Amino acid sequence: MNTIPLIYDLESTELLDWQSVIDALVKNSHFNATKHSLRVPPDRVDLKAIEYDYSITDSFILHYEQLNSLHSQHISSLPSEHNVYEIIPFLKKHRVFEIQELNIIAKITETSGRVTKTINELFPQNNFLYCDHHKNLTLFTRRFRELVDHNGEIQYHKEPRLNKLFKKLTQLEGKIRHLIQTISQSKSFHGRLQYETYDIINDRFVLAVRSDSYESQLGPIISKSASGLTLFVEPFDLRNLANERLVIRAEIDAVIEQICREFSQMLSDYSEIILNKLHFLQNFDDFNSRASFALTHKLNRPQIDFNNKRIELHDAFHPLLNEPVKNDVTINDSEKGLIISGPNTGGKTVLLKSIALCYLFFYKGLFVPAKKAKIFPFNQIFYFSNDFQDIGQGLSSFASESLRYLNMINNIQSSSLVIIDEIFNSTSSEEASSLALGLLDLIYKKNQSKVVLSTHHQMLKTMIHSDKSYISSHMLFDLENNRPLYKMQYGEPGSSLAFVIFDKLVNEFFGGATELKEITLKAGQVYDKKQMSYESLLQEVSQKNAQLTKLLRENRDLNSELKNQKKSMEGVLTLEKQKLLEDFNRKINTLLSRARQLKAESAKLTKKDFEKQESE
């Protein structure tokens with residue numbers, strides 16, 4: 001079964017912090033190809049492939065220390081860019097590869113062998129990452145390493161043809177260095193040099209002569225400094241030796257080219273196998289990144305549920321937050337969606353992002369930011385958030401937002417998850433509520449999708465609360481300490497707490513200035529009395545819930561403390577019993593020992609001894 005999760009507006013991935021999330025995911029990736037494939041938002045998904053990805057990620061997590069160590073030691077030694085790998089198909093076209101290119105191929109072959117060996121040792125019954133092994137590639141690597149080390153340096157002394165030429169070149173270069181040193185100290189060059197040492201430019205040995213001291217009999221000018229004040233001159237006495245050196249170097253290059261040709265010919269029939277080995281290593285890099293990301297951010301494997309169109313997330317959280325508050329999100333098959341209200345800065349947006357990221361992670365084959373999750377594979381995900389104003393098209397925020405909703409309705413498919421943060425927030429509350437209710441009704445009629453949205457609109461909160469097919473909820477706020485709890489409460493809508501939060505800002509940042517507090521006083525006088533009563537009631541309910549949550553938490557803590565005390569007392573009683581038992585056993589053993597002693601003494605007494613003791 002294939003699913004196609006279409007992110008309605010790819011800009012929404014930016015609103016979901018996708019780039020920051022992926023930056024954290026690819027932090028331990030080595031290959032650029034791995035980073036690129038992980039960065040791309042999902043567009044077409046094979047559910048069997050997701051299960052496969054999950055199984056391998058599980059295995060990597062199980063043996064993470066060994067596999068990550070293997071990754072650090074060997075995968076990281078390969079070039080990260082992929083432009084070199086693009087030339088591998090040219091092997092079968094008989095292109096002659098250079099030493100450094102051949103060295104990369106040797107490294108790919110060696111590294112894939114080490115990784116395959118480790119995987120076979122760790123998972124003898126489940127070789128999920130398979131890499132072809134071919135004896136001719138092993139032969140190539142062995143022969144190549146006899147000549148070239150892992151850094152790509154040629155070991156000239158190990159090849160007869162190169163050894164002879166290299167010795168000849170070394171002796172000649174020694175002669176040239178000795179001669180140029182002598183020339184630099186001669187009368188001809190005395191007082192003319194910018195510095196005493198020589199340079200090698202264009203394979204010619206040169207001395208740095210001041211331009212105002214140069215004479216043609218010193219030698220030809222090979223190069224000049226940028227300022228023109230220094231001329232690099234090759235002394236005439238070195239010219240023939242330098243030409244001889246060039247001839248020897250050309251002979252060495254010819255031998256190296258012949259060696260490269262021989263090695264390239266050895267590999268010409270194996271370009272596909274080499275590419276498979278590279279892809280194998282990139283897959284290893286990919287799954288190591290997934291496992292590392294899951295362990296670092298405490299992500300977990302979700303369960304795919306094909307039978308129930310429901311959302312079930314336990315302890316869901318945003319993966320980029322440190323010590324995040326976790327929430328449960330459950331929407332059953334028979335329920336249309338979840339409506340979240342409550343104060344600004346209360347955590348609504350973060351919770352909506354967390355839900356959307358759970359599904360994007362799932363479609364990407366990543367573990368999800370939740371302790372436990374059951375995922376129904378919706379065909380589409382729509383995520384709407386932030387200001388929709390489109391200056392380019394001359395559309396207001398409301399018009400642009402409405403256009404996006406209409407396009408969604410026009411493109412919505414068989415089953416979708418629709419997430420909207422602050423629906424119709426750019427128009428009047430009553431109109432926004434009415435339009436939102438109409439939109440929700442049409443979405444459900446189109447394909448019975450699930451909807452999760454946040455709102456401040458009073459009418460929408462009230463109507464949804466009375467409609468039992470939707471779940472009404474709000475984010476809790478601690479009124480005693482004037483701070484959000486970032487915890488969602490099911491069962492009723494919550495107050496926006498605009499006046500409370502406004503007063504809090506006045507107190508925190510402006511010292512409770514009286515003239516600024518008059519703003520909320522005036523607002524309270526203008527605000528509709530019915531709305532004020534409704535918001536006050538919601539505020540009171542929210543406060544009661546916060547107090548109840550606090551009380552339940554305190555009761556849980558007290559209950560846990562009492563249980564610990566009970567266990568502690570049981571431990572003390574056990575120790576006392578053990579001590580009494582040990583004292584009793586000690587006394588028993590003393591009496592038994594005395595009785596055995598008396599028995600032994602009595603066995604030694606004769607009848608006369610008894611009669612004597614009785615008479616006494």
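Me: In strand β13, which residues point one way and which the other way?
Reply: In this predicted model, Q380, F382 and F384 point one way from β13, while I381 and Y383 point the other way. Residues on both sides are buried.

Me: How many residues of β13 are buried?
Reply: Five of its five residues are buried, so to speak of β13 (residues 380-384) as mostly covered is fair, since buried means under 20% relative accessible area.

Me: How do strands of a sheet pair?
Reply: They pair through backbone hydrogen bonds, either parallel or antiparallel. Here, β13 and strand β14 (residues 416-420) run parallel, joined by five bridges. One place to look is Q380, whose bridge partner in β14 is S416.

Me: Where can I find strands that run antiparallel?
Reply: Try strand β9 (residues 311-316) and strand β12 (residues 372-375), which are joined by four bridges. On β9 you can start from H314: its bridge partner in β12 is K372.

Me: In what order do the strands of that open sheet come?
Reply: The order is β8-β12-β9-β10, four strands with mixed pairing. At the edges sit β8 (303-304) and β10 (327-331), each pairing on one side only.

Me: Let's turn to the surface. Which residues form a nonpolar patch there?
Reply: Look for L581, F584, I588 and L592; together they have about 360 Å² of accessible area. L592 belongs to helix α17 (residues 529-604).

Me: Why does L592 count as partly exposed?
Reply: Because its relative accessibility is 39%, and partly exposed covers the range between under 20% for buried and over 50% for exposed.

Conventions:
Residues are numbered from 1 along each chain as its sequence is written. This is a predicted model: local features need pLDDT of at least 70, side-chain atom pairs count only at pLDDT 80 or more; totals for chains, interfaces and linings use all residues. Side-chain values use heavy atoms; hydrogens and water are left out. Buried means under 20% relative accessible area, exposed over 50%, partly exposed in between (1.4 Å probe, protein chains only). Helices (H or I, at least four residues) and strands (E, at least two) are DSSP runs, numbered from the N terminus. Two strands pair if DSSP finds at least two bridges between them. Patches are made of residues with over 30% relative accessible area and no salt bridge: like charges are joined within 9 Å, nonpolar side chains (Val, Leu, Ile, Met, Phe, Trp, Tyr) within 5 Å. Accessible areas come from the Shrake-Rupley method with a 1.4 Å probe; for residues, only the protein chains shown count as cover. A salt bridge is a side-chain nitrogen of Lys or Arg within 4 Å of a carboxyl oxygen of Asp or Glu.
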